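Hello,

Here is the structure you asked for. My notes follow below it.

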Amino acid sequence: MNTPYPVDYEQYWLKQALRHFKTAEVNKAILALEPAVRYLSDQFTTKRSEDFAHYSEDPELLLAYGMFFFPQTYSRVRFPLEELIRFTPWRPKSDAPFQILDMGCGLGAASLSIADFFPGQPTKIIGWDQSPTSLKHFEAIARDRRIDLHTFNKDLHRLPIKVKPHVSDLVLMSFSLNELFQTVEPEISWLESLWSLVQEEGLLLIIEPSLHQTPVRLEKIREFFRAQSNSHILAPCLHSETCPLLKNVKTQCHEVRHWKPPESLKILNKGLFREISLLKFSFLAIQKTTVAPRPLNPQVTRMISPMLDENGKTIFHGCSGDGVARRHEILHRHLTKPERHDLLQVERGTRLQLPDYEIVGKPEAFRIKNIIQP
Ligand SMILES: C[S@@+](CC[C@H](N)C(=O)[O-])C[C@H]1O[C@@H](n2cnc3c(N)ncnc32)[C@H](O)[C@@H]1O
């Protein structure tokens, strides 16, 4: 999947940078953001400091977000979205406007991307964030796109319960949960309030960076929702059992996906050398609905590791439709050279079907002859 990043979003951020640095030279304006991107990127990954929460009130950090991270958010959200549309019954209702509540919306890249994904669908976005400056930019971009946006300056720690007009078909948290809960875990009452904001048959979609603690937090949150009588976990899990990775801290459930960064991001990265061609994230998609539990099925699995060559085999770990995470191996003697090459290109996070399997080893692993990417 390769979502083209719309030129008008790129132009919006270029215009802002030219104005800020008072220059007419595009490359000069882009490269002037390098220190701000370096700072933000470090803060988002390894070096988060106490005063980091209000970075979006600093004009250069905000521009850096717009130019470097906005396109990544825009493209990243499409991976879970496309998966949901291809493999699950969830989709916006066709007979009513589709309402998205974007919590910790920032500049709005995630909900704008979702609105763009359903071009003919009347969509209303409600954006909540603590940063008034981010909300102003979100409003300006949405105005250009004629998107019906309503923003609210809110601290998400104090989550309201069931504010009727804000109860939405899609409640979205894109890379905001980890900023809210940096040192403590969300309390049950907070999760209950969050759930109360999801419309009946609606969707809760949480996307998080794949930092060490974030996939584990999502696995734990998943257990809270699993216990609700009106919840159905759509993805990434292919089962409704307890998350097997809670007992196995060595493997984490996250995606590593290729995408095509826009030109401005490539220029900005020239001296930064960040790995920009890959989007790494974890996610959780839960529908508010009542359905019978899925039958256990070991022949569908989600890759929770990269595909690797090892002593005459290609191996990967998968979390399967029977609620078990296990190693899978394909002997090279069953594969032609091009097949081996193609196998190594399959990305972490891909859903796979296994036409056959043989149980080998201890702990139990599956030896398979091939895989099908549905
Ligand atoms: C990494 S940004 C993500 C923005 C956007 N959702 C995206 O995916 O690009 C995190 C956002 O969460 C917001 N945020 C962090 N803590 C918050 C809080 N306590 N209340 C409201 N917003 C908060 C920040 O202002 C920021 O806009």
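**Backbone outliers**

Asn 311 sits in the loop between strand 10 (308–310) and strand 11 (313–321). Helices (H or I, at least four residues) and strands (E, at least two) are DSSP runs, numbered from the N terminus. This is a predicted model: local features need pLDDT of at least 70, side-chain atom pairs count only at pLDDT 80 or more, and totals for chains, interfaces and linings use all residues. Residues are numbered from 1 along each chain as its sequence is written.

Asn 311 has a positive phi of about 40°, though it is not a glycine. Asn 311 is exposed, with 7 other C-beta atoms within 10 Å. (Buried means 20 or more other C-beta atoms within 10 Å of the residue's own, exposed 12 or fewer, partly exposed in between; C-beta atoms are placed from the backbone.) Phe 273 is not a glycine either, and its phi is positive at about 55°. Phe 273 lies in the loop between helix 11 and strand 8 (278–288). It counts as exposed, with 7 C-beta neighbours inside 10 Å.

There are cis peptide bonds to check too. One runs from Ala 235 to Pro 236, with omega near 5°. Pro 236 is in the loop between strand 6 (231–235) and strand 7. Another joins Lys 362 and Pro 363, with omega about 0°. Pro 363 is in the loop between strand 14 (358–360) and strand 15 (365–368). Most residues other than glycine have a negative phi, and most peptide bonds are trans.

**Domains**

The domain assignment (automatic or from a database) gives domain 1 (7–288) and domain 2 (297–368). Their C-alpha centres lie 31 Å apart. Contact (C-beta atoms, placed from the backbone, within 7 Å) involves 16 residues of domain 1 and 17 of domain 2. Strand 7 (residues 255–258) gives the most to the domain 1 side, with 4 residues.

**Helix 3**

Helix 3 (residues 34–45) has 12 residues. Its buried residues are Ala 36, Val 37 and Leu 40. Seen down the helix axis, they fall within an arc of 95° (taken from the directions from the axis to the C-beta atoms), so they line one face of helix 3. They pack against helix 4 (59–76) and helix 11 (263–268). On the other side of helix 3, Asp 42 and Thr 45 are exposed.

**Ligand**

Of the 21 residues around the ligand (C-beta atom, placed from the backbone, within 6 Å of it), Thr 73, Gly 104, Gly 106, Gln 130 and Ser 174 come nearest. Helix 6 (109–117) and helix 8 (177–180) are the elements that give two or more residues to this shell.

Best wishes

Methods
The expected span of a helix is 1.5 Å times one less than its number of residues. Two residues are in contact if their C-beta atoms, placed from the backbone, lie within 7 Å.
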